[in-house]
Amino acid sequence: MQASSPSSSPNPPSFSSSYFFSFLPTESRHLYCLLITALFSLLLLVTFSPSLSSPSTLRSSSSASSADLSSSPLPPSFAYLLSGSDGDAGRLLRLLLAIYHPKNLYLLHLDLAAPQDQRDRLARQLHAVPAFRSTRNVHVLGSADFANTRGSSNLAATLHGAAVLLRLSRDWDWFINLAADDYPLVTQDDLLHVFSYLPKDLNFMQHSSYIGWKEARRLKHIIVDPGLYLSSKSDVFYATQKRDLPNAYRIFTGSSSTILSRKFVEYIILGTDNLPRALLMYYANMPSSHMNYLHTVLCNSPEFNTTVVNHHLRYIRLVGPPKQNQNFLNPEDWSNMTHSGAAFGSSFFRDDQVLDQIDNQVLNRGPQKVAPGGWCLGRGSADPCKVWGTTNALVPGPAATGLARKIVQLLTDDSFKSRRCTWDGSL
């Protein structure tokens, strides 16, 4: 398949009057622009939310959609990397159906732990979905990688996927990596609508310079990950020596779940700056480097360390101490999860009933169907996405208000500026 080429989005409202912000310091001007832009987004969502309280509004009239389009910026585009392993083909397909939108780009990766027949079967299942065939924006990575979370091959697989997405299309704005056990907590119309009001250089990444116990247990260890060199699966093995921490840059750590701007992805994949390559060599022999590499590059790059929002927009329940183990979500988490303002949840059991609850109450998605959005014009009990309208038509639902409020909270002066690549504190 060839990649689709969604229409590129215009820049968000820029508040370009230099007079209005002339009394602010340079750094504060950018911060206040971000905050006002997010507040404007939330204001729109709250204003229109009474008319969007019912799932049936996903099939709104074309005249209403035209009115929304005339007053809103064009939606952005997301490039999704969906990753799984042996036995995860069905979960990846369900996840894809739940987050599909014609404006986005999707790359599915079943790692080399999965046999080739699973990869082939997944490709056939994707080809059988009419929406995927027509838009041609869904792809399966044929040259699969090993992805061992204990080593650095997981990071290599993520960077490989990001590089492929850059080659497939020039029109996406943010990169989102999801695992097979993730699931959305908002519709794509919600996510696209809220992000259409945000500056496209923002990077959502939970990070901290507080390394604590990780210094002795991870950061000083030297490992070899066979997944980088061999065609058969083997676990990492450790060297007897340990190394000191670097003094040329500060190490940051955090969650491997991210939402990265295209500009930053191009910087680490295509850029001429030596920092991403120097750090990649350093992290190639470190345990769990996918939880450190991107954070360290982002926070040590003067061009990008002011664009970091210290959150990954995921709802995760951690258990501990030291609260590093991720617990599976279940129906008991429903209230906290849906009121968190998060865009995605991590992690879910395979085909858990809470996923059906999300499909029914949040996504309005039927079994084996694409989650409908403003681009779907079908009526009645049939699949509404068999008939299409413009891909720029968005009908955000109630969950969009929670997401917008969460982002506004993250962009306030106390939260955004003080927690941006902080050099102390904990996650």
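This talk goes through a predicted model of one protein chain, from its overall make-up to its disulfides, a helix pair, some buried residues and a few backbone exceptions.

I'll start with the overall make-up. The protein chain has 15 helices and 13 strands. It runs to 427 residues, and 53% of them are buried. For contacts between residues at least 6 apart in sequence, 78% join residues that are at least 24 apart.

Next, the disulfides. How many does a search of the whole structure find? It returns two. If you number the bonded cysteines in sequence order, they pair as 1-4 and 2-3.

Take C299 and C421 to begin with. Their sulfur atoms are 2.2 Å apart. The angle about the S-S bond is -85°, and the link is left-handed. C299 sits in helix α11, residues 293–299, while C421 sits in the segment after α15, which covers 413–417, so this disulfide ties together parts that are 122 residues apart in sequence. Both of these cysteines, C299 and C421, are buried.

The other pair is C376 and C385, with sulfur atoms 2.1 Å apart. Here the torsion about the S-S bond is about 80°, so this disulfide is right-handed. C376 and C385 are both buried as well.

Now a helix pair. As a reminder, two packed helices are described by the angle between their axes and the distance between the axes. The two helices in question are α7, residues 188–195, and α14, residues 398–411. Their axes come within 9 Å and cross at roughly 35°. The crossing of α7 past α14 is right-handed.

Which residues meet there? On the α7 side they are D190, L191, V194 and F195. On the α14 side they are A399, A400, L403, A404 and I407. By type, the contact of α7 with α14 has eight nonpolar residues, one charged residue and no polar ones. On the spacing within a helix, an α-helix has 3.6 residues a turn, so residues three or four places apart point the same way. You can keep that in mind when you look at the residue numbers on either side.

Moving to helix α3. Ten of its eleven residues are buried, so α3 is largely enclosed by the rest of the structure. The buried ones are A89, R91, L92, L93, R94, L95, L96, L97, A98 and I99. Note that R91 and R94 are among them.

After α3, which spans 89–99, there is a loop leading to β2, residues 105–110, and N104 lies in that loop. Is N104 buried or exposed? Its relative accessibility is 0%, so N104 counts as buried. The N104 side chain makes a polar contact with the side chain of Q188, at 2.9 Å. Q188 falls within the 188–195 range of α7, the helix I paired with α14 a moment ago.

Another buried loop residue is S152. You will find S152 between β3, residues 138–140, and α6, residues 153–168. At 3% relative accessibility, where the cut-off for buried is under 20%, S152 counts as buried. Leaving aside residues up to four places away in sequence, S152 touches D225, L228, Y283, A284, M286 and S289. With A284 there is also a specific distance to quote: the S152 side chain reaches the backbone oxygen of A284 at 2.8 Å. S152 and H290 are 138 residues apart along the chain, and their C-alpha atoms are separated by 6.7 Å.

Last, the backbone exceptions. Most residues other than glycine have a negative phi, and most peptide bonds are trans. Three places in this model are worth listing against that background.

The peptide bond from S346 to S347 is cis, with omega near 0°. S347 is in the loop between β13, residues 344–346, and α13, residues 353–363.

R136 has a positive phi, near 55°. R136 belongs to the loop between α5, residues 130–135, and β3. Its relative accessibility is 39%, so R136 counts as partly exposed.

Q368 also has a positive phi, about 60°, and is not a glycine. Q368 is in the loop between α13 and α14. With 65% relative accessibility, Q368 counts as exposed.

That is the list. To go back over the main items: two disulfides, a right-handed crossing of α7 and α14, a largely enclosed α3, and a cis peptide bond from S346 to S347.

Technical notes
Residues numbered from 1 in each chain as written. Predicted model: local features only at pLDDT ≥ 70, side-chain atom pairs only at ≥ 80, totals over all residues. Heavy atoms only, no water. Disulfide = S-S within 2.5 Å. Helix = DSSP H or I, 4+ residues; strand = E, 2+ residues; numbered from the N terminus. Buried < 20%, exposed > 50% of the residue type's maximum accessible area, 1.4 Å probe, protein only. Axes fitted to C-alpha atoms, helices over the stretch in contact; angles between N-to-C directions. Left-handed = near helix turned anticlockwise from the far one by under 90°. Contact = heavy atoms within 4.5 Å. Nonpolar A, V, L, I, M, F, W, Y, C, P; charged D, E, K, R; others polar. Polar contact = N/O pair within 3.5 Å; in protein donor to acceptor, adjacent residues only side chain to side chain.
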